[in-house]
Amino acid sequence: MQNTSATAAVVPLSLERSALLAQLCDGLDASGFWWISGYAAACAQALQKAAQSSPINDAVAAEAHVSVALASAHVATIVYGTQTGNAKQIATGFSEQLLAAGIQARVLRSDAYPLKDLKTEKTLYLVISTQGDGDPPEDSRAFVEHVLGRRAPNLVHLHFAVLGLGDSSYPKFCSVAKALDARFSELGAQRLHARGDADVEIALVATPWLDIAVREAKLRLKVTPPASSVSFLPLRAPARVAHALYSKERPFPAKLLQNQRITTRASTKDVRHIELSLEGSGLSYSPGDSLGVYPENAQSAVHELLAGLNWATDAEASVAGQTHSAGRWLSHQRDIAKLSRSLIEAHAERSGDGDLRALLAPKQAEPLREFLSQTHLVDLLARYPLSSARQWQPSELLPLLRPLAPRLYSIASAASQVGAEVHLTVAHVAYELNGSARFGAASHTLANALEGASVPVFIEANERFRLPVDCARDVIMIGPGTGVAPFRAFLQERVETGVTGRNWLFFGNPHFREDFLYQLEWQQALKANSLHRLDLAFSRDGATKVYVQQRLLEQAKELFSWLENGAHLYVCGDATRMAKDVDAALRQIVAQEKQLDADGVADYFAQLQQQNRYQRDVY
Ligand code: NAP
């Protein structure tokens with residue numbers, strides 16, 4: 001008789017099963033792999049226990065157990081589409097709640113979801129965000145296109161529920177979730193419960209939506225009771241091991257090591273190179289990841305607002321079980337720049353102002369959006385004053401203000417080169433509005449931070465923006481402005497790991513003399529032959545503007561030959577104009593160099609994306 005642990009170890013994985021395993025792992029991030037490793041460990045433990053208490057311990061029995069485990073691996077699928085990680089966090093939390101209820105659900109990022117599975121999927125939950133202009137998140141483009149497109153299958157066998165995330169200050173609030181929710185139903189699928197449309201205070205909608213979803217799933221889906229032979233419960237333990245001590249919910253106070261302006265005094269842009277210490281945090285990151293920074297509102301703006309509200313700085317106020325001074329609420333906890341429709345409604349009601357009320361009429365969506373973008377809280381109070389009897393009290397106003405959300409910055413360093421440090425490239429956002437100086441909260445916090453100051457941070461992994469695993473691959477990096485940040489990290493990593501592939505950078509900014517971010521580093525890298533090509537577009541140095549896409553077009557032949565040779569393409573920076581124009585230029589190059597029509601070009605890019613060879617980190 002064979003020894004049990006040896007039996008389990010020698011069970012060979014058939015080709016078919018290896019393929020299945022690879023498919024299940026596709027698109028998983030580190031926590032997903034931890035989860036699977038815990039799952040496998042639990043199965044192995046269960047097998048060992050079963051074998052110890054029973055004489056059936058040969059390879060066939062082991063195979064059978066693994067089959068049981070795999071077959072019952074999931075009864076529901078949770079697909080998420082995310083730009084900043086919120087949808088992923090909700091999806092993961094949802095699966096944990098289901099698991100605690102004995103329901104196995106697989107969680108997949110939308111681009112890792114095998115679209116062919118839609119035909120047979122029985123229960124699908126979708127958690128998906130909508131970007132400002134009604135666009136899907138980068139990882140969901142193909143999924144959304146497929147479901148909304150002509151090739152979408154009939155879905156009569158499917159039960160589904162959708163949770164949308166968005167920002168109600170945009171007219172196309174949660175429009176991606178709304179479109180998919182309607183489309184699933186149109187394709188014959190049965191809605192399990194109403195869609196949730198979560199605004200920036202996500203929990204207000206997400207928590208009740210999840211409660212309903214879990215309750216409903218418990219009634220309808222197969223619950224796996226914790227059995228003594230095959231226990232799935234240990235799955236949760238490795239997931240906890242993977243959680244660092246510090247996280248978005250518990251940010252690490254990182255010490256500021258350096259804050260250096262890297263544009264000249266004459267530049268219209270104040271761009272900072274920021275270095276922070278992660279020493280002792282246990283936090284780690286990979287090139288492509290972002291750093292979340294919790295900001296503070298500018299003190300000048302907070303004082304102006306406290307005066308406008310007639311609130312004492314140290315007056316205590318409690319909201320949803322949290323107590324802070326009024327000063328702290330306005331400096332650390334609430335967004336005093338970005339107002340919501342519900343606040344305008346409440347202020348219109350309080351002030352009785354007819355103009356403000358008129359702005360809320362159904363046909364005024366665009367004027368309201370414009371008003372919201374040009375009006376901070378202090379402006380609203382000044383323009384629509386309240387009578388002394390109707391002044392806002394902290395407990396009334398604070399719940400109507402959005403929480404001050406962390407801001408994500410692409411990390412500009414590779415840990416392999418800088419150790420326990422993290423570097424950022426930050427444009428200090430400063431402008432004048434309604435006669436006063438105003439600032440972007442996070443960039444102002446960083447730009448004003450002195451050496452030794454502590455900044456609350458966390459790591460936001462970005463599995464969709466990764467260097468090629470194959471170190472012989474070339475990379476083409478397109479990053480105008482501060483969009484160049486992750487490419488500094490990429491180059492550092494490629495130097496440290498000694499890859500053989502070539503590196504090509506396209507960079508642009510207004511002026512060569514004032515705005516050439518990291519000029520010395522790129523020039524040294526060129527000299528050292530670690531950067532093989534550098535193409536620059538200084539938009540305002542000549543009589544006519546020149547942008548990176550013009551440089552791409554000028555290098556069409558060479559660029560196409562890199563692509564045909566297997567190069568990976570990366571774009572980082574402004575999503576609204578640059579990324580769209582660069583995408584159009586890249587498509588034009590492929591059309592002309594490969595002589596393809598529009599469908600051919602679409603297929604070429606779909607394939608690039610499938611092979612993870614066209615990755616964008618844009619917002
Ligand atoms: P920017 O405003 O993007 O300007 C950089 C250069 O791009 C300038 O020379 C600008 O020229 C030019 N430009 C303007 N329109 C363009 C277009 N349609 N196509 C190509 N180039 C164009 O630089 P920035 O102030 O550093 O801002 C960077 C942007 O990237 C911000 O929106 C930031 O939020 C975003 N960003 C995103 C990420 C990310 O998603 N991970 C990371 C970093 C930065 P002119 O100004 O002369 O017209």
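**Helix packing, sheets and buried sites in the predicted model**

Helices H5 and H8 run roughly parallel to each other, because the angle between them, about 30 degrees, falls under the 35 degrees that sets the limit for this class. The model described here is a predicted one. H5 spans residues 86–100 and H8 spans residues 202–220, and their axes lie 10 Å apart. The two helices cross in the right-handed sense. On the H5 side the contact is made by Asn-86, Ile-90, Phe-94, Gln-97 and Leu-98, which meet Ile-202, Ala-206, Trp-209, Leu-210, Ala-213, Val-214 and Ala-217 of H8. By character, ten of these contact residues are nonpolar and two are polar, with no charged residue taking part. It helps to recall here that an α-helix has 3.6 residues a turn, so residues three or four places apart point the same way.

Some wider numbers set the scene for the rest of the chain. The protein chain has 619 residues, of which 49% count as buried, and its secondary structure comes to 25 helices and 21 strands. Of the contacts between residues at least 6 apart in sequence, 77% join residues at least 24 apart.

Strand E3, residues 123–129, is a good place to look at burial in detail. Seven of its seven residues are buried. In a regular strand the side chains alternate between the two faces of the sheet. In E3 both faces are covered: one carries Thr-123, Tyr-125, Val-127 and Ser-129, the other Leu-124, Leu-126 and Ile-128, and all are buried. E3 pairs with strand E1 (residues 76–81) in the parallel sense over five bridges, and one of the partnerships sets Gly-81 against Ile-128 of E3. With strand E4 (residues 159–165), E3 also runs parallel, here joined by seven bridges; Leu-124 has Phe-160 of E4 as its bridge partner.

Phe-160 appears again around His-193, a residue in the loop between strand E5 (190–191) and E6. Beyond its neighbours within four places in sequence, His-193 is in contact with Phe-160, Ala-161, Trp-209, Ile-212 and Ala-213. Of these, Trp-209 and Ala-213 also belong to the H8 side of the contact with H5. With a relative accessibility of 10%, His-193 counts as buried, because the limit for that class is under 20%.

Ala-198 sits in strand E6 (residues 196–198) and is buried, with a relative accessible area of 0%. Apart from neighbours within four places in sequence, Ala-198 is in contact with Gly-164, Leu-165, Gly-166, Phe-173, Cys-174 and Val-205. Trp-209 lies eleven residues from Ala-198 along the chain, and the C-alpha atoms of the two are separated by 9.5 Å.

Helix H11 (residues 326–333) offers another enclosed element: six of its eight residues are buried, so H11 is largely enclosed by the rest of the structure. The buried residues are Ala-326, Gly-327, Trp-329, Leu-330, Ser-331 and Gln-333. Among the elements that cover them are helix H10 (299–309), strand E10 (316–319) and strand E11 (322–325). The loop between E10 and E11 holds Ala-320, which, at 80% relative accessibility, counts as exposed.

The backbone of Ala-320 also deserves a glance. Most residues other than glycine have a negative phi. Ala-320 is not a glycine, yet its phi is positive, at about 45 degrees. Asn-529 likewise has a positive phi, of about 65 degrees, although it is not a glycine. Asn-529 is placed in the loop between helix H21 (519–527) and E19.

E19 leads on to an open sheet of five strands, with the order E19-E18-E17-E20-E21 and parallel pairing. Strands E19 (533–538) and E21 (614–618) stand at the edges; each has a single partner strand, so one side of each is left without a neighbour in the sheet. From one strand to the next, the twist averages 10 degrees. E21 pairs with strand E20 (residues 568–573) in the parallel sense over five bridges, and Leu-569 stands opposite Tyr-614 in E21. Helix H19 (residues 485–496) lies across strand E17 (475–478), strand E18 (503–509) and E20, and runs at about 140 degrees to E20.

Technical notes
Residues numbered from 1 in each chain as written. Predicted model: local features only at pLDDT ≥ 70, side-chain atom pairs only at ≥ 80, totals over all residues. Heavy atoms only, no water. Axes fitted to C-alpha atoms, helices over the stretch in contact; angles between N-to-C directions. Helix = DSSP H or I, 4+ residues; strand = E, 2+ residues; numbered from the N terminus. Parallel < 35°, antiparallel > 145°, perpendicular 65-115°, else oblique. Left-handed = near helix turned anticlockwise from the far one by under 90°. Contact = heavy atoms within 4.5 Å. Nonpolar A, V, L, I, M, F, W, Y, C, P; charged D, E, K, R; others polar. Buried < 20%, exposed > 50% of the residue type's maximum accessible area, 1.4 Å probe, protein only. Pairing = 2+ DSSP bridges.
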